[in-house]
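Got your viewer open and a hand on the mouse? Let's take a walk, one selection at a time.

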Amino acid sequence: MNQLQMKTIALVENELVIRTALVAFLLPLNPTNDEIMEIKTICAEAVVNAIVHAYPQEKGNITVHITTDNRRVEIVIQDEGIGMSDIENKRASFVTTKSDQEHSGMGFTIMETFSDMMKVESALNEGTTVTLVRYLHDIQ
Ligand code: ADP
Ligand code: MG
């Protein structure tokens with residue numbers, strides 16, 4: 001069992017910091033390149049969402065908790081932003097509230113595809129918590 005917690009302001013440049021720390025933290029578990037790529041991707045999607053959607057005005061915090069337990073990796077991404085209504089709808093593919101080129105509405109679909117479990121909890125004006133679980137390949 002091991003744990004890493006990061007708390008930072010929801011600024012674009014901090015996404016790289018979180019992603020890099022995540023990779024460094026997981027390396028001792030000997031993940032495959034695909035596992036690293038996929039876990040990096042799902043974490044980045046949730047972090048970018050917190051950066052892009054949670055704080056339309058003043059930037060608040062993002063907290064990322066990573067817990068490893070044997071081959072189980074759990075990543076919890078939390079913000080204290082505007083939250084969202086109708087989570088089921090937001091999780092669906094191609095649903096976005098920012099319809100510019102960069103936001104295709106595929107973030108939650110990507111998170112769901114490359115994780116073994118995704119949980120989204122959100123309350124309007126309180127914030128959003130996304131929990132992602134991914135199992136690494138067994139080591140004999
Ligand atoms: P995209 O980011 O391309 O819009 P996603 O699937 O990642 O697509 O997210 C879908 C929608 O869910 C977003 O457009 C936004 O309305 C909402 N959302 C996602 N994450 C958050 C968050 N942390 N805070 C508030 N709203 C969010
Ligand atoms: Mg997104």
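Here is a short tour of the ligand, its surroundings and two loops.

Before you click, know that this is a predicted model, where local features need pLDDT of at least 70, side-chain atom pairs count only at pLDDT 80 or more, and totals for chains, interfaces and linings use all residues. Residues are numbered from 1 along each chain as its sequence is written, chains are lettered from A and ligands numbered from 1 in the order in which they are written, and side-chain values use heavy atoms, with hydrogens and water left out.

**Stop 1: the ligand.** Select ligand 1 and show what is around it. You should find 18 surrounding residues, the closest being His 53, Asp 79, Thr 96, Thr 97 and Gly 105; to be near, a residue needs a heavy atom within 4 Å. This shell splits into 6 nonpolar, 10 polar and 2 charged residues. (Ala, Val, Leu, Ile, Met, Phe, Trp, Tyr, Cys and Pro count as nonpolar, Asp, Glu, Lys and Arg as charged, and the others, Gly among them, as polar.)

**Stop 2: the contacts.** Now look for polar contacts, meaning pairs of N or O atoms within 3.5 Å. Pick Asp 79: an N or O atom in its side chain is 2.8 Å from a nitrogen atom of ligand 1. Click Asn 49 next, where a side-chain N or O atom is 2.9 Å from an oxygen atom of the ligand. At Ser 104, a polar backbone atom lies 3.4 Å from a ligand oxygen. On its own, ligand 1 has 540 Å² of accessible area, and the protein covers 95% of that (Shrake-Rupley method, 1.4 Å probe).

**Stop 3: the helices.** Colour α2 (33-54) and α4 (107-114), which each supply at least two shell residues. Helices here are DSSP runs of H or I, at least four residues long, and strands are E runs of at least two, numbered from the N terminus. Which element gives the largest share of the shell? That's α2, with 4 residues.

**Stop 4: two loops.** Finally, jump to Asn 30, in the loop between α1 (14-26) and α2. Its phi is positive, about 50°, although Asn 30 is not a glycine. Then select Asn 125, in the loop between β4 (117-123) and β5 (127-135). Here too phi is positive in a residue other than glycine, near 65°.

Definitions and conventions. A polar contact is a pair of N or O atoms within 3.5 Å; within protein, one must be able to donate a hydrogen and the other to accept it, and residues adjacent in sequence count only if both atoms are side-chain atoms.
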